[in-house]
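Here is a friendly round of questions and answers to read alongside the model. Have the sequence and the structure open as you go.

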Amino acid sequence: MTQSLPTAFTERMRTLMQDEYDAFAASYEQPLFHGLRVNPLKIARERFLALTPFPVEPVAWCANGFRYQEGMRPGKHPYHSAGLYYLQEPSAMSAAECLEAQPGETILDLCAAPGGKSTQLAAALLGEGLLIANEIHPVRARILSENLERCGVPNAVVTNETPERLMERFPQFFDRILVDAPCSGEGMFRKLPEAIDEWSPNKVLECHRMQIDILDAAAAMLKPGGTLVYSTCTFAPLENEQSMAIFLERHPEFSIIPLPHPEHFSSGHPEWATPVSDELAQTARLWPHLLSGEGHYLAKLHKSADADQPAEVPKKRKEKRAKSAPAGRKEAIAAWRSFAADALPHLSHHLGDDRAFLLFGEQLFYSPAPELDWDGIKVLRVGLHLGTVKKNRLEPSHALALALSAQEAARVADFTAEDPDLLRYLKGEALSREGSNGWTLITVNGFSLGWGKHVDGQLKNHYPKGLRWL
């Protein structure tokens, strides 16, 4: 690492770490650790290990997590475009893993972009239940939505809201909430040197204040008996133990749950917070000089089962909204059914609830929570995007292709990862290929990648322009 660390940062860390400081400082001169997380919505861990073209080593605290070597480029492989894995720094895999989401639950990822933790939570849900992934910044929210799409997630809603707005709509609604809080980014100095330029003691203070507000909103949205995980990628006690100490003081209905992997994670430091609470020793710090990853902080909390119940429940969809533009909606559903009967005769997704079809202009979605009212909430993605309805015909979406298996499609054009025609497809070129006419699922070694359309011996390319390889 060539860029100098801020003096105020190094002085504080020297004071806090004392005899350990030299080992901590030396970690900045070590090579970066690169990681990827296998997506079980697409591929089983064992099959990935048999198929991967680059060597990997397991990450101890994440069952589907692996490190790969410097110089490998898994992001430039067709398997990445097919959503078989998500590139993620190893320590960053810890937070969603500790939340322990279960299929069928209702989960909130409150500060979700760019999507690493959301895709990890979605994988744990296995397509069952509801994931709301929220990001306050519009550009980052779009990136979040794209990553959920690439990973083939059918049951996620992406919102672009403040925590306070969500709190008003969803009091005590979620089984589990992840707050990967905005922070000063000290733990990422080695990976993202630009974070050094953006750092200051004032930023640490500003992030701390923001974290308290976000945690208050999360507390209000969690069901009694629910689980909250708080994480940061900073070393600052003000943003870690101190934020937790203030939260516990303000919310006595919460208690800390001890974290797993004590052989890898270090204890939190109660003495670094005011008031001092021995409970903070059950939080965890991930130090870059003690494990193969960057710097993180974790706290897992339980909300008492007898906490006060909400005065209101989340709003249900109004009947008049469900019936708005009934002819257009009915025609859109009919267009979908016609498309599915031809192109997806073996569809295993349960898309039989007419209430769950939501039409926004020409865009047809299938919602994982049709009973919820999204009026007044900024929503980028309200479930699985099925496609665009034009003249009573449905043009399938890229999101739909990535959510499908090859076995569900009537027509499949499969390529090996090394086939030159696959590269041509990813670049947006049409291909000469025999096959029956109609929408065709393009796959790489059997894994869905996108759409093509067979027309008289030619496979027309429908890979999205914004995703095409250069």
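Q: Which residue in E23 stands opposite Lys-453?
A: This is a predicted model, so the answer comes from computed strand pairing. Strand E22 (residues 447-455) and strand E23 (residues 458-461) pair in the antiparallel sense, over four bridges. Lys-453 lies opposite a residue of E23, and that residue is Lys-460.

Q: What is the order of the strands in the open sheet of five strands?
A: The pairing in this sheet is mixed. E19 and strand E20 (431-432) stand at the edges, each with a single partner strand, so one side of each has no neighbour in the sheet. From one edge to the other, the order is E19-E21-E22-E23-E20.

Q: In which sense do E19 and E21 pair, parallel or antiparallel?
A: Strand E21 covers residues 438-444, and four bridges join it to E19. Within this pair, Ala-413 stands opposite Ile-442 in E21. The sense of the pairing is parallel.

Q: Which residues form the covered face of strand E19?
A: E19 runs over residues 412-415. Val-412 and Asp-414 make up its uncovered face. The covered face is formed by Ala-413 and Phe-415.

Q: How many residues of helix H11 are buried?
A: H11 spans residues 241-250 and is mostly covered. Its buried residues include Met-244, Phe-247 and Leu-248. Of its 10 residues, the number buried is seven.

Q: Which helix do the buried residues of H11 pack against?
A: Several strands take part in this packing, among them E9 (222-232), E10 (254-257) and E13 (296-303). Strand E12 (284-286) belongs to the group too. The helix they pack against is H10 (201-221).

Q: What is the radius of gyration of the protein chain?
A: The chain has 15 helices and 23 strands. For 470 residues the globule rule gives 23 Å, and the chain comes close to that, so it is as compact as a globular protein of that length. Its radius of gyration is 24 Å.

Q: What percentage of the residues of the protein chain count as buried?
A: The chain exposes about 20,100 Å², and carbon and sulfur atoms supply 51% of that area. Here a residue counts as buried under 20% relative accessible area. Of the 470 residues, the buried share is 54%.

Q: How far apart are the mean positions of the positive and negative charges of the protein chain?
A: There are 49 positive and 59 negative charges to place. The C-alpha atoms fill a box of roughly 75 × 55 × 35 Å along the principal axes. The two mean positions are apart by 10 Å.

Technical notes: Residues are numbered from 1 along each chain as its sequence is written. This is a predicted model: local features need pLDDT of at least 70, side-chain atom pairs count only at pLDDT 80 or more; totals for chains, interfaces and linings use all residues. Side-chain values use heavy atoms; hydrogens and water are left out. Buried means under 20% relative accessible area, exposed over 50%, partly exposed in between (1.4 Å probe, protein chains only). Helices (H or I, at least four residues) and strands (E, at least two) are DSSP runs, numbered from the N terminus. Two strands pair if DSSP finds at least two bridges between them. The radius of gyration is taken over C-alpha atoms; the globule rule is 2.2 Å times the number of residues to the power 0.38. Accessible areas come from the Shrake-Rupley method with a 1.4 Å probe; for residues, only the protein chains shown count as cover. Lys and Arg count as positive and Asp and Glu as negative; His and the chain ends are not counted. The place of a charge is taken as NZ of Lys, CZ of Arg, CG of Asp or CD of Glu. Contact means heavy atoms within 4.5 Å.
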